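Open the viewer, put the chains in cartoon view and keep the selection box handy. We will go from stop to stop, with something to select at each one.

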Amino acid sequence: MNQDIILSMKNITKTYPGVVAIDNISLDFRRGEIHALIGENGAGKSTLIKCLCGAETPDSGVMELNGVPYTRISPRDSRQHGVEVIYQEINLIDDLSVAENVCLGDEIGKWVSFRKLNAKASRIFERMNVAMDVKKMVRDLSTAQQQLVEIAKALSKDAQLLVLDEPTAPLTTNEVENLFSIVGTLKSHGVTMIYISHRLDEIFRISDRVTVLRDGKFVETLNTAETDRKTLIKLMVGRELSETYPRRSNITDIPVIETRNLCGSVPRNINIHVNKGEIVGLAGLVGAGRTELARAIFGADKITAGELFLDGQPIKIRSPKHAIQKGIGLIPEDRKQQGCFLYFGIDWNISIANMPSISRFGFIKHKRVKQDAIKYRDLLDIRTPSLDQLVVNLSGGNQQKVVLAKTLATNSNVIIFDEPTRGIDVGAKQEIYQLMTRLADEGNAILMISSDMEELLGMSDRLYVLCEGRLAGQLKREEFDQVRVLELASGEE
Amino acid sequence: MEGAKKFVQKYYLFLVLLLVVIFFSIMSEPFRTTKNFINILVQNSYLVIASIGISLVMISGGADLSVSYQIGLVSVFTGIITIDMGLSPVLGVIVGLALGVVLGFINGFFTVALDVHPMVTTLATMTIFQGAAHIISESKTYFDFPVSFKAIGQRYVGGIPVAVIITLGMVIIAYVMLNHTYFGRYLYAIGGNQEAARLAGINIRLIRIAGFIVASLFIAVSAIVLTARSGTAKVDLASDAVFSCFTACVLGGISFRGGGGNILGVVVGTLIIGVLGNGMQMIGLSMYSQYIVKGAILIGAIAFDNYQKKHRVKKLDVPQTA
Ligand SMILES: Nc1ncnc2c1ncn2[C@@H]1O[C@H](COP(=O)(O)OP(=O)(O)OP(=O)(O)O)[C@@H](O)[C@H]1O
Ligand SMILES: [Mg+2]
């Protein structure tokens, strides 16, 4: 049967200095299907997307949109032809309101009517079943909320082909459900979608077909219904991979870090502690105050009331600098804004938080910088042609690994991981889980925030659930249960 | 082909300098003399040092508009000490440098305390420094500097002008500071991403103030070199320095968004400005035409900086580990 092809790519190649990002890939997208694209970090998924929508120009190859062949297209033209992309990296304008961002690029009359703008944006968020103040400035939103704005922005245009590059990475279960119901509606209206995600369960839930890329090469396209998780992983990684959550072996009951009635910008009267050798999870919905709690402990936000104890001693953390000196490290959730220095090298980034201990009399020991960079490249499998490659040139997942390395290099003994595996592929996730476990077993205390429920339940030894800034409950490992966590998180007691 | 393109991309500043030199060499006979080239170097040594100072602030995402009157203030102070008070030139230099530290602290303190863009604070301090310099010097011009003081700007050692040696020393200090100390890294980090820098354990306020202080130290050195070379101290000694420094920095690849650029670029940028100024004089271009050309160059340099950012030329010249 001759399927109706909306977009076909033939022999597309795209190289960057030192990397073949896309190597002679040919791929068809059928009208109305949800086509998933998977592969390891740096496999070339985002690059393929950028080529098809005109954000990058392929070195060679032809594309055909609705039967019209072309070798290059401007981003503007591709949008006019109904291609909308939600990029992996958030590209909103910080100083504009949510509504302005959503409606950016489509003119409602000559003069901008803010009332109409706001009304239009509100309608879209209603459709998405998301509560959002459309007059708020984007800079005041959390990462997850910003991601929702990106989605709304794409939905506001009438797309024929909608590309979603890791849209769910910062989202929690509820928002993902909302997104999927929208995706379902769009599909019933005949919109074609290309869906990229490292969460394989999502692929199985929504996609019709799935294409696997590895090292820039096409591996295989399969009907999703006819394959399984194991097969996909094997195709992606090129070998069998056992997916397990390793267990800790040295859990003690000696609290390393402890909060007593701690209040901050969002957190209210929080009493939590993390013991030596333990990984403790923080669960909650977007806006529950998990990140704010982490930042308060790390001295990045003010503690307005309450106390913090480190190794049993009360301590006032004055600043992130002070926290790092005291052996507290934070891996921030937002890699672009808070995590990395995009226009600097990988080695530069990895060493920047660790300067005092790798320099003598203020002079940097360049050898140490290189050594650390090599160590973490190997440990976290950072895929790059060279260690002085600018971080902006790395794939999203590899950027995330650099952010991890930067904090880990400080050798802290209390480590707060805020969304550590966002955008990271299955294989590297395993590495990170192993690493976290090893850190805990070596006697460090780990606090972990993750919007990926399965990961959170899998990795934590104990779990605190936050709801609207308050501690809604604590669960021991034996009591772990997804439904229970969601109940606590949404305040249904 | 690729190689040539890379070469041009990497060394375009040197090529521009070369082109400007060749152009004026063809146009003017007196321009292409060794004496004139040395003259250009000596004349512009103060500008190189001051531009480097400004570039330190710019790398951390700031700017310093008060440079002209910092130079003026330091200049008249050395005059007061060595001439009015008749004290030792060594003391004059020391007090001049100490004053630099104070001025830098003032700029840095207000910028950090008020949390506004340094353009605003240094615009204010510019006027304050100007006023203070006039009051302290009673708007006098000082001429009779001791020979030992003037030596800094006029004497030669081993055939090389002392001013040039000092400049070279300052270039090396700045280079080492930016590429080999963590203070330098911190300046880049703050300019590159302030929030990430804070979370990486950098004391933003402290480093920014320190950046202003070091910058003003460079500016004080520049003031001393200029005063010694011209044998004159007065408030308006370098009233157009702010323009020249800013142009030199932007031309030299210091992005005014912060976080990028290197010292070598600033040196070459300043030399381009210097050669242009000298050359235009040599071919007899009027003062006012020169203004227009200089303004056009600044706009061009800013446009180029913008273009680089927009088109994401992903090769900002940031020091990598050696
Ligand atoms: N602008 C660039 N300059 C140099 N190399 C680049 C650039 N953009 C991407 N690359 C390289 O191309 C390869 C593919 O990157 P791409 O972003 O497409 O990966 P990805 O499959 O989307 O990975 P991830 O899952 O981490 O998002 C990577 O090796 C990356 O380092
Ligand atoms: Mg990607």
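Start by selecting A:Glu40 and A:Arg383, whose side chains meet in a salt bridge of 3.3 Å, N to O. The model you are looking at is a predicted one. This pair links distant parts of the chain, 343 residues apart. A:Glu40 sits in the loop between β3 (34–39) and α1 (45–53) of chain A, while A:Arg383 belongs to the loop between α13 and α14 (396–408). Are the two partners buried or exposed? A:Glu40 counts as buried because its relative accessibility is 9%, under the 20% limit. A:Arg383 is partly exposed, with a relative accessible area of 32%.

Next, select A:Asp461 and A:Arg247, another pair joined by a salt bridge, at 3.4 Å from N to O. A:Asp461 lies in the loop between α16 (453–459) and β21 (462–467) of chain A and A:Arg247 in the loop between α8 (229–237) and β11 (255–263), so the bridge ties together parts that are 214 residues apart in sequence. Colour by accessibility here: A:Asp461 is buried at 10%, whereas A:Arg247 is partly exposed at 37%.

For a third pair, pick A:Glu442 and A:Arg438, with their closest N and O atoms 4.0 Å apart in a salt bridge. A:Glu442 is exposed, at a relative accessible area of 57%, and A:Arg438 is partly exposed, at 43%. How many salt bridges does a search of the whole structure find? Over all chains, the search finds 29.

Now turn to where the chains meet.

Select B:Glu195 and A:Arg295, which form a salt bridge with their closest N and O atoms 3.3 Å apart. Between chain A and chain B the count is one salt bridge. Add A:Asp301 and B:Arg198 to the selection, and you have a network of salt bridges that also takes in A:Arg295 and B:Glu195. There are also nine residue pairs in polar contact between the two chains. On the chain A side, the elements that each supply at least two residues touching chain B are α10 (320–325), α11 (335–339), α12 (346–352), β18 (363–364) and α13 (366–380). By class, this side of chain A has 19 nonpolar, 10 polar and six charged residues.

Show the whole contact next: 35 residues come from chain A and 31 from chain B. The two chains bury about 2,800 Å² between them, 61% of it on carbon and sulfur atoms. Which residues of chain A lose the most area to chain B? Highlight A:Tyr343, A:Trp348 and A:His366, which together account for 22% of what that side buries.

Our next stop is the interior.

The largest nonpolar core has 96 residues, and A:Ile352, B:Ile52 and B:Ile71 touch the most other members. Centre on B:Ile71: beyond its neighbours within four places in sequence, its contacts include B:Tyr46, B:Ile219, B:Leu226 and B:Ala241. A second, separate core of 53 residues includes A:Ala152, A:Val191, A:Val210 and A:Leu235.

Finish in chain B with two helices.

In α5 (residues 118–137), find B:Thr125, which is buried with a relative accessible area of 4%. Leaving aside neighbours within four places in sequence, B:Thr125 is in contact with B:Ser66, B:Ile106 and B:Asn107. Then select α6 (residues 147–154), where B:Phe149, B:Ala151, B:Ile152 and B:Gly153 are buried. The buried residues of α6 pack against α2 (34–59), α3 (67–84), α4 (89–114), α7 (162–180) and α10 (204–230) of chain B.

Definitions and conventions:
Residues numbered from 1 in each chain as written. Chains lettered and ligands numbered in written order. Predicted model: local features only at pLDDT ≥ 70, side-chain atom pairs only at ≥ 80, totals over all residues. Heavy atoms only, no water. Contact = heavy atoms within 4.5 Å. Buried area = accessible area lost by both parts, 1.4 Å probe. Polar contact = N/O pair within 3.5 Å; in protein donor to acceptor, adjacent residues only side chain to side chain. Helix = DSSP H or I, 4+ residues; strand = E, 2+ residues; numbered from the N terminus. Nonpolar A, V, L, I, M, F, W, Y, C, P; charged D, E, K, R; others polar. Core = buried A, V, L, I, M, F, W, Y, C linked by side-chain atoms within 4.5 Å. Buried < 20%, exposed > 50% of the residue type's maximum accessible area, 1.4 Å probe, protein only.
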